[in-house]
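New to this one? Here's a quick briefing to read alongside the sequence and the 3D view.

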Amino acid sequence: PARHFDTRTTEPISFFLSGLEELLAWQPDGNDDFNISAVPLAKRQPPLHSRRPRTLVCHDMRGGYLEDRFIQGSATRNPYVFYHWRYIDIFVYFSHHTVTIPPVCWTNAAHRNGVPVLGTFITEWTDGEKLCEAFLAGGAEAYRAVGKQLARIAQHYRFDGWLVNIENTLSAAAVGNLPPFLRHLTAQVHSAVPGGLVIWYDSVLRNGALRWQNELTEENRVFFDACDGLFTNYNWKQEHLERTRGMAGPRHTDVYVGVDVFARGDVIGGGFDTDKSLRLIRQHGLSAAIFAPGWVYEHLGEENFLQNENKFWASLSEYLPTHSICTLPLATSFSLGMGTSRFLAGKEEEPGPWYDLSAQEIQPFYPEREGRLSTSCCLQDAWCGGSSLRVQGTIPPGEEHVAVRLFSLQMPAPPKLFLTLLYKLEGPHPDEFAVALELTTWDSGTCHEGNVTSLPEPNGRHHPRFLPAPPPGLAKLFAVCDRGSNGWTSRCYELDLQDCSLRDLSLLVSRHQPSPRETSFTCLLGEVRVLDAASVAASPPEVQSVSASQLWWK
């Protein structure tokens, strides 16, 4: 069918459904196996349902289904990518089609970084009224069929739920069935998708009128009570937040206060003033819904996008609670899922632009300290994929080193860890510096490095032992130990811990000689791995029942 394949290139594409008939007629189909997410949602700490304020990002760009629709990627120059996953909790893919199924590349990238993805179910204008009348104004059977289909679609394509956006007036009969429809949809999604979510957009009221409230009120509360959360409209002031906090009670973190980065209408702040809106939202203990952060790309242009994107998210980071990785192995080459060429083992394999978010790797923090430290993506050189992580900073006078926090971890430490690092020092005097990894553990009286007789480390900082050669029996996995190539330096380490809990993984850049002057450094990170020695030594499970379908030989 045409919707599974691009008519121009015949390549497989992600798609949406238009209207009620297409939704009700949808059945799983062998043609769309491409569209099923291949990456399970990574576990994270704290879990999504913990009671701290969350951050939702709603991605709405030029109608959606742009180059991101190509399931096997495309040769797009300067594409839009999102990679600040550590700072957000939920990602919504938005378009104005009735049923927006998120393009699978977004689900893969988000899941790899511990973020659930929601599609959008929207009705609007006169057509929306007719559609709602058709499935809401009749008996329970009609709306239950719609709820069941939406849950089946999320389950089949392995994304995590729905934003429901009814932006048209409703008859008395239709609005009467809306809360039971939402309750049914939410129950269906919860049972079909582990950790699934249904969020309601602040639009129609309990009497069926279309009037955006910009807050939680008695008029829209019935819909909030029927699902997992409310996404408010954008034209709020401080008093709306105060009333919302009071009305939501213990569910205050289930209210996602809308912030339009394009700053349309009467809003507190968008663009590079978005932090003003977030500050107020957080002062009231509420969650935030950042709408159209693609403003950075669309408004400021494609040329300096990565630089502007880092600046935008750095300006908000104070108000964005981050989440930690809680499972090993952790392995990443920092690739953004795009590039100006493809690299393998530090060597350019294939020049030319490419874009494929499914190939995006686990993303770190992007810490910025004005004038002292910046982390960014480097497209000109990489170990593997399309980019490496560039860490630039200064070591202050009299200090020996600086630690750059890459990942937050929250898990019990296995007795033995192996770590690997690939890096490249740039700049006029690379020989002045040494580069290593540092792991910190949560303070506890029981945590020891090495054996029980060794003393606890001060402030829980551990510096893994350098391994000049691969550990016995693991030569293949650690082939690169102390043998980089193409200008990259490779290092392997091991660390023995007892009764410890992992906290942070940082890059440690040190000076060989203490100096009374400030010293600047630039280091590219090509790959970092943190592995549990016990699971590395075990032989991997055998792959079984491999099948290939839809082959087209060229």
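Two helices count as being in contact where their heavy atoms come within 4.5 Å. Keep in mind that this is a predicted model. With that settled, there are two spots to visit: a helix pair and a cavity.

**Where two helices pack**

- The pair to look for is helix H3, residues 125–136, and helix H5, residues 172–192.
- Their axes sit 9 Å apart and make an angle of about 65°.
- Angles of 65 to 115 degrees count as roughly perpendicular, and H3 and H5 are therefore roughly perpendicular to each other.
- As for handedness, H3 and H5 cross in a left-handed way.
- On the H3 side, the residues that touch are Cys132, Glu133, Phe135 and Leu136, and they meet Ala173, Ala174, Asn177, Leu178 and Phe181 of H5.
- Sort the residues of this H3–H5 contact by class and you get seven nonpolar, one polar and one charged.

**A cavity inside**

- How many cavities of 30 Å³ or more does a search of the whole structure find? The search turns up one.
- The largest cavity holds about 30 Å³ of space.
- To find the largest cavity, look for its lining: Tyr234, Trp236, Gly258, Val259, Asp260, Val267, Ile268, Gly269 and Ser277.
- Strand S9, which covers residues 255–260, gives the most to that lining, with three residues.
- By class, the lining of the largest cavity comes out as five nonpolar residues, three polar and one charged.

Definitions and conventions: Residues numbered from 1 in each chain as written. Predicted model: local features only at pLDDT ≥ 70, side-chain atom pairs only at ≥ 80, totals over all residues. Heavy atoms only, no water. Axes fitted to C-alpha atoms, helices over the stretch in contact; angles between N-to-C directions. Helix = DSSP H or I, 4+ residues; strand = E, 2+ residues; numbered from the N terminus. Parallel < 35°, antiparallel > 145°, perpendicular 65-115°, else oblique. Left-handed = near helix turned anticlockwise from the far one by under 90°. Nonpolar A, V, L, I, M, F, W, Y, C, P; charged D, E, K, R; others polar. 1 Å grid on protein atoms, 1.4 Å probe; cavity = no way out; pocket = protein on both sides within 12 Å on 5 of 7 lines; lining within 4 Å. Points joined across faces, edges and corners; volume = space filled by probe spheres on them.
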